Amino acid sequence: LPPLPKNSPVGHLGDNTFSRYAGVVRFEQLPLSKKTKDALRSSKFVSMTDIQRASLPHALCGRDVLGAAKTGSGKTLAFIIPVLEKLYRERWGPEDGVGSIIISPTRELAGQIFEVLNSVGKYHGFSAGLLIGGRKDVDTEKERVNELNILICTPGRLLQHMDETPNFDCSQMQVLVLDEADRILDSGFKKELNAIISQLPKRRQTMLFSATQTKSVQDLARLSLKDPEYLSVHEES
Ligand code: ADP
Ligand code: MG
């Protein structure tokens, strides 16, 4: 990680890096690239939401994260920012291929993630693609999928590429995101998810976000995460 911001409060709870960020409330105070900070500022994102405050310090250190927080709590930025920062630090370029895969339960939600990625990632040079079912141009997609750095996909379409696209290569993938994991599992995608995860490199960072903590989400966490930080943000009562 880059040096800590000079005026960041240092926690006394332990020597873990994240405790130094215990009092940090603004994106500005995190050790992010200028490209990301400038884009956040121009999109008027200033203060972090609770789930962002809880998870970003861990995720930015490369840890696996299981984040649970209700709909509307800002989970998208909690994974988009670490994806961008990881590829930026790795100096990921066009010839490096697929560096991150983000899996979403529905086409609509995948489209929303794509929009957030396009705005917060606008000063980075990464290429991103939306791989969702129902699109007719799957053949064009097959030719171009290896040139993309960040894939935002529904499980069925991603698996279709894994099965059918010649030379589809995710062997260098660094960061996997499973967004709305509870909904992915509720929609009956458990088998697809298992098949996808089994074809991805074991050495990777995985972030799993969910609105609820069900038994099946915990099963998926066991399968996909290594020593995760469990971050659950509930409403104040
Ligand atoms: P979730 O995935 O948890 O349902 P989203 O990531 O879709 O939530 O975010 C919900 C809304 O909150 C979006 O309109 C988003 O632009 C806004 N939002 C997210 N993070 C912030 C923030 N730090 N400051 C202000 N608005 C935010
Ligand atoms: Mg969401």
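**Helix α9, strand β2 and the ligand 1 shell**

Modeller: In this predicted model, V217, L220 and S224 are the buried residues I would start with in helix α9, residues 215-224.

Biologist: Are they on the same side of α9 or spread around it, and why?

Modeller: On the same side of α9, because they cover an arc of only 60 degrees around the axis. As a rule, an α-helix has 3.6 residues a turn, so residues three or four places apart point the same way.

Biologist: Which exposed residues are on the face turned away from the buried side of α9?

Modeller: K215 and R222 are carried there, and both are exposed.

Biologist: And what do the buried residues of α9 pack against?

Modeller: They pack against β5, α7 (181-186), α8 (190-198) and β6 (205-210).

Biologist: OK, β5. Which residues is that, and how does β5 pair with β2?

Modeller: β5 is residues 175-178, and β5 pairs with β2 in the parallel sense over four bridges. In that pairing I102 stands opposite V177 of β5.

Biologist: What about β2 and β4, parallel or antiparallel?

Modeller: Parallel, again with four bridges; β4 covers residues 150-153. I102 stands opposite I152 in β4.

Biologist: Which way do the residues of β2 point, and are they buried or exposed?

Modeller: β2 is residues 100-103. S100 and I102 point one way, I101 and I103 the other, and all are buried.

Biologist: Switching to ligand 1. How many residues surround it, and which are the closest?

Modeller: 13 residues surround ligand 1, and the closest are T71, S73, G74, K75 and T76.

Biologist: Where does the largest share of that shell come from?

Modeller: From helix α3, residues 75-89, which supplies three residues.

Biologist: What is the shell like by class?

Modeller: Eight polar residues, four nonpolar and one charged.

Biologist: Where does UniProt put the Q motif?

Modeller: The UniProt record, an unreviewed entry, lists the short sequence motif "Q motif" at residues 25-53. In the model that span is 45% helix and 0% strand, and its end C-alpha atoms lie 7 Å apart.

Biologist: Last one, R20. Where is it, and why does it count as partly exposed?

Modeller: R20 lies in the segment before α1 (34-42). R20 has 19 C-beta neighbours inside 10 Å, so it counts as partly exposed; buried would need 20 or more.

Biologist: How far is R20 from P57 in space and in sequence?

Modeller: 9.0 Å in space, C-alpha to C-alpha, and 37 residues in sequence.

Note on methods
Residues are numbered from 1 along each chain as its sequence is written. Chains are lettered from A and ligands numbered from 1 in the order in which they are written. This is a predicted model: local features need pLDDT of at least 70, side-chain atom pairs count only at pLDDT 80 or more; totals for chains, interfaces and linings use all residues. A residue is near a molecule or strand if its C-beta atom, placed from the backbone, lies within 6 Å of it. Helices (H or I, at least four residues) and strands (E, at least two) are DSSP runs, numbered from the N terminus. Ala, Val, Leu, Ile, Met, Phe, Trp, Tyr, Cys and Pro count as nonpolar, Asp, Glu, Lys and Arg as charged, and the others, Gly among them, as polar. A residue is buried if 20 or more other C-beta atoms lie within 10 Å of its own, exposed if 12 or fewer, and partly exposed in between; C-beta atoms are placed from the backbone. Two strands pair if DSSP finds at least two bridges between them. UniProt positions are given in the numbering used here, feature names are shortened, and annotations may be inferred rather than shown by experiment. The arc is that of the directions from the helix axis to the C-beta atoms. Two residues are in contact if their C-beta atoms, placed from the backbone, lie within 7 Å.
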